[in-house]
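Subject: Structure handover

Hello,

Here is the structure we talked about. Please open it alongside this note, and read on for what turned up.

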Amino acid sequence: MLVKKLKEQVEQYDGQIVTLQGWVRTNRNSKNVSFIELNDGSCFSNLQIVYTPEMEGYAEASKITTGSAIEVEGLVKATPNGKQPLEIEAKRVSVLGMADHDYPLQKKRHSFEFLREIPHVRPRANTYYAIFRVRSVLSMAIHTFFQDRGYVYVHTPEITGNDAEGAGECFTVTTIKNQDYEKDFFAKHAQLTVSGQLHVEPFALTYRNVYTFGPTFRAENSNTTRHASEFWMIEPELAFADLSDNMDVIEEMIKYCINYVLEHAPEEMDFFQRVIDKNCIDRITRVANSDFKRMTYTEAIAELEKAKGSFENNEIYWGMDLQSEHERYICEKVVQGPVFLTDYPKDIKAFYMRENADGKTVAACDLLVPYVGELVGGSQREERYDVLKDKMEKMGMDESTLQWYMDLRRFGGCVHSGFGLGFDRMLMYLSGIQNIRDVQPYPRTPRNLIF
Ligand code: 4AD
Ligand code: MG
């Protein structure tokens, strides 16, 4: 029997004997009556097990340590004293796996820093227990959103021969000890992907609407709370869609995900609201019911100039790459909610973005949200072969590895757009958890690779 099922159908099981397995969160003994808080993994909340000295095996049960795996056989009591919703009056408690006394999760509250050092047990600490289920729920939300709308899910490769963002932040994949890649496993320089976008574009020019959703890797040596070296990204790509269509989909998707998570993980969201971020449910509910603002990069620069002096970096000029403090100022102070910044200077954006008629900007859209900053990066793609080729040449890119990508423009190319949603950042945004290391099961960041 699962605790979740028991709680959902409590009337049906009231007065019956059930058998449960799970892990002990606490075991409190007193003279007449003892309590075990049991969690079996099926839902966020614990189930209270009551036992008394009369129970067979009492002596052994009273010594059960926090963290132990046990099996309980007992009587379901739907409303034992009119208050408590449900408890089990134990007839038998058997130890399946006793936790040693150095089990690291004791009753006191532990710091996130401490818990990051023990990724093998931290899923059992409340915050992680909640967020890792929400990770699963949010994955389903993403798939449901796109599948319901007829998008085809494409598995783009993790090992690639090209740098999709052209930013030089790739990890090399090799089996040799030198850099003689022609003698290497793939007989060329192989890398872990930084984005599935280039590989998904051919499928958009086949199925029209597609998405890829998987891990991406960046050897970006920035030690922030929002950057991980391995993170998951959702990258939809839409044929016959321009930048504005792209933003419509982003907005619809974010709102859908918020509503889905609120509906499918209510206990977890309630926990975040109590313990992590006092108004997180309110905050995201408001977002789900509001229209996202749209603002050009040029307008954003004007706003930042007005606030010059209040930043750490006060060198504000058209053409600058916005830093996190600037992005956060725009969405937290100017807009007070999510905002799309569009039409960035071409020199600070990736080679594949479509150049605007002004010759200076590209059809890019970044979605900035309070707390997190950049949550989504997207653009309309450069569909004109000659313009793309010229740009890649000017940027000194290695065209030999990307001729296939350029050729798509010659083989039935069309206006198309897409974006990348940082999955881990979306979890931060939903929960209010402030560090990306605390929403990933096994975070990888510079100088940090535990297990
Ligand atoms: O803006 P980015 O680099 O865009 C792309 O990779 C495009 N190829 C997407 C596309 O158009 N198909 O990354 C997209 C998002 C960012 O907005 C951010 O949320 C997340 O991915 N992201 C990271 N998340 C965690 N750690 C990092 N190091 C991240 N870098 C980007
Ligand atoms: Mg970006």
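How far does a polar side-chain atom of E165 lie from a nitrogen atom of ligand 1? The distance is 2.6 Å. Keep in mind that this is a predicted model.

**The ligand**

Two other polar contacts are worth a look. Y352 places a polar side-chain atom 3.3 Å from a nitrogen atom of ligand 1. G377 uses its backbone: a polar atom there is 3.3 Å from an oxygen atom of ligand 1. Taken alone, ligand 1 exposes 620 Å². The protein buries 93% of that.

Where does ligand 1 sit? It occupies the largest pocket. Three elements each give two or more residues to the shell around ligand 1. They are β11 (230–239), β15 (373–380) and β16 (416–422).

The surroundings of ligand 1 comprise 23 residues. E165, Q197, R218, E235 and E374 come nearest. By character, the shell divides into eight nonpolar, seven polar and eight charged residues.

**The small open sheet**

Now to the strands. β7, β9 and β8 form an open sheet of three strands, in the order β7-β9-β8. The pairing is antiparallel. Why do β7 (159–160) and β8 (172–173) each have one side without a neighbour in the sheet? Both stand at the edges, and each has a single partner strand, so one side of each is left without a neighbour.

Look at the β7 pairing in detail. Two bridges join β7 to β9 (residues 190–192), and the two strands run antiparallel. To find the register, start from T160, which stands opposite Q191 in β9.

**The pairings of β5**

Strand β5 covers residues 87–97. Which strand pairs with β5 in the parallel sense? That is β3 (residues 47–51), over three bridges. Q48 stands opposite E87 in β5.

Strand β4 (residues 69–77) also pairs with β5, but in the antiparallel sense. Nine bridges link β4 and β5. Here A69 stands opposite G97 in β5.

One general point helps when you trace these strands on screen. In a regular strand, side chains alternate between the two faces of the sheet.

**Where to start**

For a quick first view, centre on ligand 1 and show E165, with its 2.6 Å approach to a ligand nitrogen. Then add Y352 and G377. After that, move to T160 and Q191 for the β7 and β9 register.

Best wishes

How values were computed:
Residues numbered from 1 in each chain as written. Chains lettered and ligands numbered in written order. Predicted model: local features only at pLDDT ≥ 70, side-chain atom pairs only at ≥ 80, totals over all residues. Heavy atoms only, no water. Near = heavy atom within 4 Å. Polar contact = N/O pair within 3.5 Å; in protein donor to acceptor, adjacent residues only side chain to side chain. Areas by Shrake-Rupley, 256 points an atom, 1.4 Å probe, with all protein chains shown as cover. 1 Å grid on protein atoms, 1.4 Å probe; cavity = no way out; pocket = protein on both sides within 12 Å on 5 of 7 lines; lining within 4 Å. Sits in = over half its atoms within 2 Å of the grid points. Helix = DSSP H or I, 4+ residues; strand = E, 2+ residues; numbered from the N terminus. Nonpolar A, V, L, I, M, F, W, Y, C, P; charged D, E, K, R; others polar. Pairing = 2+ DSSP bridges.
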